[in-house]
Amino acid sequence: MKIGTIRKALLKQTVVVIVVLAIVSAPVFYVDYMYDDYLAKGKNIETEGNAIASKVSILLSEYENANSKLSDYNLVKEKQEQKMLTVSKSILRDVVAAIRKKYSFDKFDVEMSDVKPKVGGQYNKPQFFAEESNVTVKLNSMSDEDVFFLIQSFQNAFSSIKFTSVKISRDHDLDKNSLLAIRNSCFSPLVSADIAFTWSGLQSVKKDDAVPLMEEKDDKNQERRVRVRLDRK
Amino acid sequence: MAFSLKNRTKQKNADTAGEVNSPLSGGFGAKKPIKNFSPQNIKKRKFVKSGKRHSLIIGDDGAILIYSDGAEVKTRQFIASPSPENLKEFEAVLAKNVKAPLFVIIDSMDQSFIQQSLPPISSLGVKKLINRRLDRDLGKDTIKGYILLERESSGRRDWNFLMVSLEKSPQLSVWLDFIESANNRLAGIFLLSVESENIIKNLDMAMGRSIKKPKKSGAVQGFSKWKIFVSNNKVGGFRQVILKDGRIIFTRLGQAVGDSTAEVVAGHIEQEMTSTVEYMKRLGFNPQQGLDVYVIASADINAQLDVSRMSADNVYKFTPFEVSQLLGVNGAAQINDQFGDVVLSASIAGNSKHRLVLFPQQALRVNNLYNIMVYQRGLAGLAVLVMLGYGGVQGFGAWQAYSSLEDLNQRKISQQNRLDKINDDIKNGGVDVVKINEMSALYDLVIKENNFELPFFMSLRAAIISAVSIKEISFVTDDTKAQPAPNSAQNNNGTINLVLRFPEISSTDEAFTSVARKVLKDVRAAFPDYKVIYTKLPDVLNKQNEGGKIDDKVELIKIAPEQLEATLSISKNDEKLKGSPDSTNGLSTDELIGLRRRSK
């Protein structure tokens, strides 16, 4: 046999082999692709099904939780209506004005910082968030009991107050001069108080819902820090 | 042509195969029983492999082309000379099946055998060395090969081998050109003389003679060490092959005797064989070592043939037809055929094992490519099988995955329906779950920040006796962080410091410590869950414990009224008060006021 003949035969066979392998491998690769595709589809459906099942579980849990906290929610709503969960300078002013009418204080000085959202993921929910403002109160009083009543008034008016510092000092003893002053003006500054607290409340993310909780517009006072000075008449 | 080998070294291991029907007896010239072939002894064995093939036996007097399919000889064609007209007939036969390989068997005188020795080298390198010797002695273009004989059993243990070559006579060159021009693949060139080893072995096996290898030590009784194979061939003449221990030792070719009668031919064969025995004697033949004679000739010649003078142990006389029956080559010979060419060449071509295969250089390259084709086919087949297997596994997996898709979809739909139903229920129930949960959670968080309980302070005031006045109350939260951790109890989680004054007691340390102890005990009793200590006491109490003159008399220390102050700290957090100031000499405030015994 001539070498050219066998070379041609080898070439022909190589082509045939390639064609055969291509013909055989094409469906094999297709089946392989289909297998991977079905697996991926199955995994996707399974993942989606699991996600829905998880949603169901969470929703049920939330629903049960909501039902169990329905009474708490009503309380919150009530407090919300009474503006006990709203941090606002106007509310503070109203409270301070009410206190001023009730108790005798001298140099009653109240400062309130800007209302800011509280820092921390737990305070920020999709629909609501917590906000806060730092309030400082300085005053002179005749008795430490008045200071305690002041604190009690704040606690009654606002749902969440975290006192960072409270200092009540007896500046003067009850002596002849102080008694005279009391007789003359019904007041003598025997006790001084320096109080600082963080006032927290809730706020809605949606504007419509936020209306009852939102801080009122006060054109008279646009300063960042609000100062309410109540001088003794 | 006749040739002889050099005296071979003694062989300890006589290697004679065959089952001897009669015991060895007598020496050279003694009468020996003649074993004629008996059809009853035929053992059905397969000596011919399957597949279609052409075999071409070439001799000095012509050539025969045989076409076989497995063990069946389909056609046979004889030409006396390689003339172009004759070769066209062969070309036509070969062209009928170009895929059938061509086996060429040479039975001419154009053969050369030379025994050579090589020094004792590693068995791994001996073949390379022999090939190098062949190229050097015979030239690269010569058709050549070698037969490796046994190593010397003593002395240097040299390697013995036969260098075999085909001499390119003009007639053989014509045949080689013809073979090269054919489209059939050359499977190899074989020498009838050399391949006779396998034919005799197969004949012995077919006749039921054992071919077990005898033990190495010495000759085995009952086995003939020497064998003479004689075949009357049309293309070559009388081919005689002499084997010792089953291996070719020399061969002779006698010319055919024209149109002579059977008696004349038989006499000619007897004469040739007698001459052969004389050669054998020179190579160490001893009648006691045993001698078997195999003759393939027509029935007439066999009937006239008398080999009793050769003192052979066994003489087997076959007709070509009988040989074809023994070797299982059907149709190779008719009952009245005279010549053994066809059956021998068909048998050699169909044999799976060959003693020596020769190739021209060109055919070697063709065969290499053919081998590549075979391997390619094998690998392709294997690849197809693997792919089909892989495809099957993947297909099964795909089917299973597809089947599970429906189930998974159903489960997903079921979950989705459940979710929708719950959503509808919640919507219809008018409960804003998210709003309630969020507001409740946030309310819980901010409400926990309340940390100042007025009743606690009232109780604290009430716990302190009226003789002591409170100069200052201060509360500082312990929480240094801006925001408390969720769910942490913050109520009164701070430190309360009371600055106490003692205006109604006498200004002595004893009176002071007595009242201070009373106050501390009362507060601790009122708030057992709190840590209560004095964090500041009048300085004079510390000085009392400083070193100085020791006096037996205990003196009361006066304390200035403005110094009669103490700071009482109350906290739930022990850590906050751990670092509270003690006296400069290492005493705690409890020890200073005498509430606890001094450790020093």
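**Notes on chain B and its contact with chain A**

1. A good place to start is one pair of residues: B:I57 faces B:I64, which sits in β2(B). Keep in mind as you look that this is a predicted model. The pair belongs to a longer match, since eight bridges link β1 (residues 52–59) and β2 (residues 62–69) of chain B, and these strands run antiparallel.

2. Now zoom out to the sheet around that pair. Five strands of chain B form an open sheet in the order β3-β2-β1-β4-β8, and the pairing is mixed. At its edges you will find β3 (72–79) and β8 (186–191) of chain B, each of which pairs on one side only. From one strand to the next, the twist averages 15°.

3. This sheet has a helix to look at too. Helix α1 (residues 84–96) of chain B lies across β1, β2, β3 and β4 (102–107) of that chain, and it runs at about 165° to β3(B).

4. Chain B also has an open sheet of three strands, ordered β5-β7-β6, with antiparallel pairing. Why is one side of β5 (111–118) and of β6 (143–148) in chain B left without a neighbour in the sheet? Both stand at the edges and have a single partner strand each, so one side of each stays unpaired there. On average, neighbouring strands here are turned by 25° against each other, ignoring direction.

5. Look more closely at β6(B) and β7 (residues 159–166) of chain B: six bridges join these antiparallel strands. One pair to find is B:K144 with its bridge partner B:S165 in β7(B). Helix α2 (residues 126–138) of chain B packs on this sheet, where it touches β5, β6 and β7 of chain B, and its direction makes about 40° with that of β7(B).

6. How many residues does each chain bring to the contact? Chain A gives 72 residues and chain B gives 70 residues. On the chain B side, at least two residues each come from α9 (361–429), α10 (433–447), α11 (454–463) and β14 (469–477). The largest share of that side is the 33 residues from α9(B). Sorted by character, the chain B side has 39 nonpolar, 20 polar and 11 charged residues.

7. Finally, strands pair across the two chains as well. Strand β4 (residues 160–170) of chain A is joined to β14(B) by five bridges, and the two run antiparallel. To see this in the model, find A:K167, which stands opposite B:S474 in β14(B). As background, strands of a sheet pair through backbone hydrogen bonds, in either a parallel or an antiparallel way.

Definitions and conventions. Residues numbered from 1 in each chain as written. Chains lettered and ligands numbered in written order. Predicted model: local features only at pLDDT ≥ 70, side-chain atom pairs only at ≥ 80, totals over all residues. Contact = placed C-beta atoms within 7 Å. Helix = DSSP H or I, 4+ residues; strand = E, 2+ residues; numbered from the N terminus. Nonpolar A, V, L, I, M, F, W, Y, C, P; charged D, E, K, R; others polar. Pairing = 2+ DSSP bridges. Axes fitted to C-alpha atoms, helices over the stretch in contact; angles between N-to-C directions.
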